[in-house]
Amino acid sequence: MKRINSSVLLVGLACLCCWAAMTEARLSRQHRKLEDKEYMAYKDPRQPIETRINDLMDRMTLDEKVAQMAQLDRGSVTEELMKEHNIGSVLNGGESLPRVGLTAYEDIDMINKFQNWSLQSRLAIPMVYGIDAVHGHNNVYKATLFPHNVGLGVTRDPDLMKRIGAATAAEVKATGIQYVFSPCVAVCRDPRWGRCYESFSEDPSIVRQMTEIIAGLQGEVPAEQKGHPYIGGKEKVAGCAKHYVGDGGTTKGINENNTAIDRNGLLEIHMPGYLDSIDKGVCSIMVSYSSLNGVKMHANHDLVTNYLKNTLKFKGFVISDWQGVDKITYPFHSNYTYSVLAGVTAVYRILRIKFIMGLFDNPMADYTFVDRLGCQAHRDLAREAVRKSLVLLKNGKKPDTPFLPLPKKANRILVAGTHANNLGYQCGGWSITWQGVSGNNNTVGTTILGGIIATVYATTEVVHSLNPDPNFIKSSNIDYAIVAVGEPPYAETKGDNLNLTIPEPGPSIISNVCSVVKCVVIVVSGRPLVIEPYLPMMDALVAAWLPGTEGQGVADVLFGDYGFTGKLARTWFKRVDQLPMNVGDKNYDPLFPFGFGITTEPHMR
């Protein structure tokens, strides 16, 4: 028998083993491919979120990843776009036409239609629908509109903010929406800025307190999950802290302009609100249109990537402001390759939030919360917020003779001014439409006049005149007058104002009324305005800010059912040439200093 060389045998056995192993591996791969048709880990709720994300990312094409980073205005959404390209997100843009008269059911049906299209895409990745809910569900007819942040900062009440956040989340979910572009944690350092009313305060410590609204919107993050994005139940929504970072510090308050500040100043003034937002589990952060020391924030790799994502360990996703990416390069829209940085990382973060929100397992909205839209409990909460946001700046022409509270029982009282009977004006910008509206027919609520009529005795005659003639007042036996004046609604750049005067006929109304009868003036505005020239005429002065739909809260305090408790969260300047002027500045000489506010006790009479 011929002997076989042992080395040849070993090689042959080794080859045989290799062939067998290769065959087994090939068969195993084929078997797994067959299984993959039935089993997709990203659709399995039993799998850890990171496992699901990785599985889905492995299946996605580059086009599908790019589509997840896109957010379309609802007016641009088509069945083809959602099915063929699986667009990641839809929003109600600021200029989307209001849908006055539509019900929450119709909103839900619209969103579910979009979602159904998304679920018919190749990978069935659900879309997320976002909206600006900056003082309640403010774009929606019949929703409860809370005071804007400029007033809420006055309260210094984190628990109130948490309750407002929870109410807002419930009303947003009532229309099927899962994501809100809120809260704004800007620190407005110059009231000439058209977005100053979106800021809680010039003081970062107050802004930090007010981030408790995130716990209301998203749910209270468990201790072991602090610093990680969190959604605490079906009644909660994903939040968005904005606008990162320094948007409230631009030169002369010019919107989208440049903030000139050193690193220490940035970290001490404009950054703290983001630290608290991240700690409380905020799901996303929106980048500011503004520049920092000449560098557009949308292109600021150091602060967005190095600091926010790497140093602060933010795990949610970063979202651009409306067309913010387009504005990085000039001319606009000219270089998306430059503008979209670290795209794959962005997609991973977006998918993480979608999984945390539960969209992959429960993508469709239902009618569970429909009855929460504009419900009485939320209106009562907003009324409470109005009461606590009012600041009494003057009470009587003599220190020992207070003018407020007003008596409910009188012969005849006068209610005058541009803002006394205008629900749109008292809500301000970002109310039904982007720039706000005028009049009482655009949503549901109580005007300041309506609140007064509901509060005084039935025997008290209430005379309402927008701009009454002094001779009429003299001849009408008026006991006292309530004058409500201020700013018309505005938003963003259209609100930038270098003068900060009360528009006419506001000053004329103050002069005509307060020169002939005792009066209290209520200033309805998104910021302090020039008021010093008119102050001697007034018996009392109240800063009501932008109180929202529940004007009854103003009357509650004017007539003494509740006391004044609010303290200024902004410095009230004397003249615009003093600006910017903030508490702690070297030459601090305000008309009313930060923290000022006359307090009163409830007094029924």
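What share of the contacts in the protein chain with a separation of 6 or more comes from residues 24 or more positions apart? The figure is 77%, where a contact means heavy atoms within 4.5 Å. Keep in mind as you look around that this is a predicted model, in which local features need pLDDT of at least 70 and side-chain atom pairs count only at pLDDT 80 or more, while totals for chains, interfaces and linings use all residues. Residues are numbered from 1 along each chain as its sequence is written, and side-chain values use heavy atoms, with hydrogens and water left out.

Let us begin with confidence. The mean pLDDT, which is the predictor's confidence in each residue from 0 to 100, is 92 for the protein chain, and 90% of the residues reach 70 or more. Over residues 1-35 the pLDDT is below 50, and this stretch has zero contacts in the model beyond near neighbours in sequence.

Now for the overall build. The protein chain has 20 helices and 16 strands; these are DSSP runs numbered from the N terminus, with helices being H or I of at least four residues and strands E of at least two. Of its 605 residues, 58% count as buried, meaning under 20% relative accessible area, with exposed being over 50% and partly exposed in between (1.4 Å probe, protein chains only).

The interior holds a largest nonpolar core of 74 residues, and Leu-404, Val-513, Val-521, Ile-522 and Leu-558 have the most contacts inside it. Such a core is a set of buried Ala, Val, Leu, Ile, Met, Phe, Trp, Tyr and Cys residues joined through side-chain atoms within 4.5 Å. Apart from it lies another core, of 57 residues, including Met-82 and Ile-278. Back in the largest core, Leu-558 touches Leu-404 and Pro-405, among others beyond four places away in sequence. The peptide bond between Leu-404 and Pro-405 is cis, with omega near 5°, and Pro-405 sits in the loop between strand 11 and strand 12 (412-416).

Helix 15 is a nice one to check with a ruler. Its 14 residues (376-389) should span 20 Å at 1.5 Å a residue, and the end C-alpha atoms are 20 Å apart, which agrees; the expected span is 1.5 Å times one less than the number of residues. Among its buried residues are His-378, Arg-379 and Glu-384, and their cover includes helix 6 (149-155), helix 7 (158-174), strand 11 (391-395), strand 16 and helix 20.

Arg-379 also leads to Thr-549, since the contacts of Thr-549 include Arg-379, Leu-423 and Gly-445. Thr-549 is in the loop between strand 16 (540-543) and helix 20 (552-558), and it counts as buried because its relative accessibility is 0%. Its side chain makes a polar contact of 2.6 Å with that of Glu-550. A polar contact is a pair of N or O atoms within 3.5 Å; within protein, one must be able to donate a hydrogen and the other to accept it, and residues adjacent in sequence count only if both atoms are side-chain atoms.

Finally, move to the segment after helix 20, where Arg-570 is found. Why does Arg-570 count as buried? Its relative accessibility is 2%. A polar atom of the Arg-570 side chain lies 2.9 Å from the backbone oxygen of Cys-188, and Arg-570 is also in contact with residues including Asp-190, Glu-202 and Phe-594.
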